[in-house]
Amino acid sequence: RRCSANSTRMRIGIDCRTILSPNGECAGIGYYTTSLIRALLALDQKNTYVLFCAEGMQDSLFASASNVVMRMFPRKQSIPFISSHVLPAGMIRKERLDVFHGPANVLPIGIRGKTVVTVHYLLIYTHPEWFQSGQWASKRVIVPRSIRRANHVIAVSEHTRREVLRRFSVDPSYVSVIPEGGLCSEPKSALSFKELQKKFHLSEQFAFFIGTIEPRKNLVRLVRAFDDFVEKEKKRIGDFQFVIAGKKGWKYED
């Protein structure tokens, strides 16, 4: 909500660990977090935003905003629970925040005060085979505890909201749907389409996929479907490409 002229200035904390570099280079949830912060800072110059980043990330990403305070969470240690939950929860308490937002499905265990968590998907429950092993703690403890602990839950779709309500005992009035908006970024350079065509050898017609290359993106089936499409329609469509962009993820080989 926009603050009225007479309201008290708030300290709003946001977990920015999904932003992997000073330039905001990251996967989907990292882009969500980056774009969310940029949009908030463009709308709101009154409240203070305390951004908790992974140690090693420079503050250049949001350096132009006068109402930003950067805090660095410690690097991962031999006991991940300590560096991911215990130490961050202690740092957050020291900042005396009015509210803390976990934009990536989880909140640090041990956190106090008002909290909001964004839930993007619950595929770890419906398709555990799409994720690396060793997810027991997240599945059984961290995600359920975060959702039940939060004062409010943001679901990015109606489907996700239904899944949250079906799997966890939370009041429906505490779960709101806020769809992910368009990318709010500051690209280093803006190439024209002709320049992109030349650089990547693109035809005039192409289908485009962007995302981490991993099983849960269902790319193998998508490639097969494209192959069938081209076989059936090659006389009509002519030169048509399928362009894939994204870093290699877990079990990308297929």
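A nonpolar core is a set of buried Ala, Val, Leu, Ile, Met, Phe, Trp, Tyr and Cys residues joined through side-chain atoms within 4.5 Å. With that in hand, let us walk through this structure, which is a predicted model.

First, the overall layout. The chain contains 7 helices and 9 strands. It has 254 residues, of which 36% count as buried. If you look at the contacts in the chain with a separation of 6 or more, residues 24 or more positions apart account for 55% of them.

Now for the cores. In soluble globular proteins, nonpolar side chains tend to be buried together. Here the largest nonpolar core has 24 residues, and Ile147, Val164 and Phe168 are those with the most contacts inside it. Several elements each supply at least two residues of this core: strands β2 (48-54), β3, β5 (115-119) and β6 (152-155), along with helices α3 (123-126) and α4 (136-149). Ile147 is a good residue to click on. Setting aside neighbours within four places in sequence, Ile147 is in contact with Val117, Val119, Val153, Val164, Phe168 and Val170. Apart from the largest core lies another, made of 16 residues, with Cys16, Leu51, Val68 and Val116 among them.

Next come the charged pairs. Side chains of opposite charge can pair when their charged atoms come close. The structure holds 9 salt bridges, and three of them are worth following here. Start at Glu95, whose side chain meets that of Arg11 in a salt bridge, with 2.7 Å from N to O. This pair links distant parts of the chain, since Glu95 sits in the loop between α2 (80-94) and β4 (99-102) while Arg11 belongs to strand β1 (residues 11-15), 84 residues apart. Glu95 also meets the side chain of Arg71 in a salt bridge, again with 2.7 Å from N to O. That second pair is another link between distant parts of the chain: Arg71 lies in strand β3 (residues 68-73), 24 residues from Glu95.

How accessible are the partners, buried or exposed, in this group? Glu95 counts as buried because its relative accessibility is 13%, under the 20% cut-off. Arg11, at 25%, counts as partly exposed, and Arg71 is partly exposed too, with a relative accessible area of 31%.

The third salt bridge joins Glu233 and Arg236, whose closest N and O atoms are 2.8 Å apart. Both residues belong to helix α7 (residues 219-237), and because they are 3 residues apart in that helix, about one helical turn separates them. Glu233 is partly exposed, with a relative accessible area of 26%, whereas Arg236 is exposed at 62%. Returning to the earlier group, salt bridges that share partners join Arg11, Arg71 and Glu95 into one network.

Strand β1 has another residue to visit, Asp15. Asp15 counts as buried, with a relative accessibility of 8%. The side chain of Asp15 makes a polar contact of 2.7 Å with the side chain of Arg17. Which residues does Asp15 touch, not counting those up to four places away in sequence? They are Thr33, Phe52, Phe73, Phe100, His101, Gly102 and Pro103.

A second aspartate, Asp171, is placed in the loop between α5 (158-167) and β7 (175-177). Asp171 is partly exposed, with a relative accessible area of 41%. A polar atom of the Asp171 side chain lies 2.9 Å from the backbone nitrogen of Ser173. Asp171 and His152 are 19 residues apart along the chain, and their C-alpha atoms are separated by 9.6 Å.

The tour ends at a pocket. The second largest pocket has a volume of about 250 Å³. Which element gives the most to its lining? Helix α7 does, with 4 residues. The residues lining this pocket include Leu219, Val220, Val223 and Arg224. Also in the lining are Ile213, Glu214, Pro215 and Asn218, together with Ile244, Lys251, Tyr252 and Asp254. Helix α7 is therefore a helix to view twice, once for the pair Glu233 and Arg236 and once for the lining of this pocket.

Note on methods. Residues are numbered from 1 along each chain as its sequence is written. This is a predicted model: local features need pLDDT of at least 70, side-chain atom pairs count only at pLDDT 80 or more; totals for chains, interfaces and linings use all residues. Side-chain values use heavy atoms; hydrogens and water are left out. A salt bridge is a side-chain nitrogen of Lys or Arg within 4 Å of a carboxyl oxygen of Asp or Glu. Buried means under 20% relative accessible area, exposed over 50%, partly exposed in between (1.4 Å probe, protein chains only). Contact means heavy atoms within 4.5 Å. A polar contact is a pair of N or O atoms within 3.5 Å; within protein, one must be able to donate a hydrogen and the other to accept it, and residues adjacent in sequence count only if both atoms are side-chain atoms. On a 1 Å grid over the protein atoms alone, a cavity is a set of points where a 1.4 Å probe fits but cannot get out, and a pocket is an open set with protein on both sides within 12 Å along at least five of seven lines; lining residues have an atom within 4 Å of a point. Grid points are joined across faces, edges and corners, and a volume is the space filled by probe spheres set on the points.
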